[in-house]
Amino acid sequence: TGHVKQIAVTGAAGQICYSLLFRIARGELYGPRQPISLRLLDLPQVQPALRGVVMELEDGAFPLLADVAVTDDARLAFRDIDAAILVGSRPRSKGMERRDLLATNAEIFRLQGRALNDVAKLDAKVLVVGNPANTNAMILSEHAPEFPSENITSMIRLDHNRALAQLARKALVGLEEIKGLVVWGNHSPTMFVDWSHATVAGRPLADIVADHDWYHKTLIPQVARRGTAVIEARGASSAASAANAAIDHMRDWINGSGGDWVSMGLCSDGSYGIPEGLFCGSPAICAEGQYARVADLKIRGYARVMLDRTVAELIEEREAVRALVS
Ligand code: NAI
C-alpha cells in the first residue's frame, strides 16, 4: 500500500467530521486517481458512535477509500501519515472558564504533538481546526521539536471564505474574480479581513465597492460574528462550512492555489511584527505541495491597528497557556 495516502483525522465522531470524512473519501484532497486510507482518532467513550460513522463510510462505496482504521491512540493514528486534520478538541461547556478550556486543550495538543514528533513522516501536512486553533497549533508545534513547524498550520480559511462570499456579493463580481484578499490573525472575533491588497481585474476592490463605511461597519463585524449567527440560527455551530474550509485549505496546499492568495494560519517567521513562533492567519500562495508566505506587503494605518490587535490576543493566549502549564 506504499502509494496509498494516509490521512489522520481527529474528532472523527464529531459534527464537522460527519461532513469532512465523506468529502475526503470522495477524493477531494488528493484528486480522483489517488487511493487514500483514513485513520480516525477520537476518545474512548465515543468509539461506538465512531463505528457508526465507519459503517456509513463503507456504505458510501467510495472507490478511492482503500482502508479505514479507528483508534483512541494518537501514536497509532499518526504513524507514517501524509496528512492530518486535527478537528478534535474540548469544546467550551456551559459555565466553563476560558482558562480551563485553554488548559484542557493544551494538554490534548501537547500529547498529540509528541505523537506527531515520534511517528509521523516529516513531510506530513498538518491542519489544526479544533479551537483555539492557532494556540493549539502552537502547542502542537512546540511539543514536536523534530517535526518541521512549517508543516503545521491552523485554519482561518472559514473566515476567508465568509469574507470572500460577502465581498463578491457586495461588489457584484464572481468569487473567483477577487484576488489578494487576506484574513489575518486569530480565528476569533478579532481576526482582521484586509481588503487593502484585494483587486478585481487589476482594479482595487475597495474602489469597486466604493463604500468604506460598509467595510468597517458591516463586513468586518459580520464576518467576526458569523459563527455566532450560525449557532443562533441552526442551534449548532458551523459544521459543513467548517469542513468545506478544511478541504479548501488542504486541497490548495496539496495541489496549489493557482497563483491566488489564500489565508492560512502559519507559524510566524517574525515578519509583519508578528512574534516568531505564534500561529497567525497570513496570506500565502500554494504551489507544488508547498506554500509561500506573501512577503513585503505594506501594512499601514487601520490595517496596522487591526493586525496588532489580533496579534495581541494571540500573545495573550500564549501567555495564558504558559502560565497554566508551568
Ligand atoms: P464536536 O464536539 O461535534 O466534535 C468534537 C470531537 O472531538 C468529539 O467527537 C470529541 O469526542 C472529539 N475529541 C475531544 N477530545 C479529543 C481528543 N483528545 N482526541 C481526539 N478527539 C477528541 O465539535 P465540532 O463541531 O466537530 O467542532 C470541532 C472543533 O472545531 C471545535 O473546537 C470547534 O470550535 C472547532 N471549529 C473551528 C473552526 C475554525 O475555523 N478553525 C470552525 C468551526 C469549528
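**Working through the fold and its ligand shell**

The chain's secondary structure adds up to 11 helices and 14 strands, counted as DSSP runs numbered from the N terminus (helices: H or I, at least four residues; strands: E, at least two). This is a predicted model, where local features need pLDDT of at least 70, side-chain atom pairs count only at pLDDT 80 or more, and totals for chains, interfaces and linings use all residues. Numbering runs from 1 along each chain as its sequence is written.

**Exercise 1.** Work out whether the radius of gyration of the chain agrees with a compact globule.

*Solution.* Start with the rule: 2.2 Å times the number of residues to the power 0.38, with the radius taken over C-alpha atoms. For 326 residues, that puts a compact globule near 20 Å, and the chain has 19 Å, so the two agree. Next, look at the extents: the C-alpha trace spans about 55 × 45 × 40 Å along its principal axes.

**Exercise 2.** Find which residues come nearest the ligand, and where the ligand lies relative to the domains.

*Solution.* First, collect the shell, meaning residues whose C-beta atom, placed from the backbone, lies within 6 Å of the ligand. There are 27 of them, and G11, G14, I16, G88 and N131 come nearest. Now for the domains, whose bounds come from an automatic or database domain assignment: domain 1 (5-154) and domain 2 (157-317) both give residues to the shell, so the ligand lies between them.

**Exercise 3.** Describe the secondary structure of residues 157-322.

*Solution.* This stretch is 48% helix and 19% strand. Then check the ends: their C-alpha atoms are 27 Å apart.
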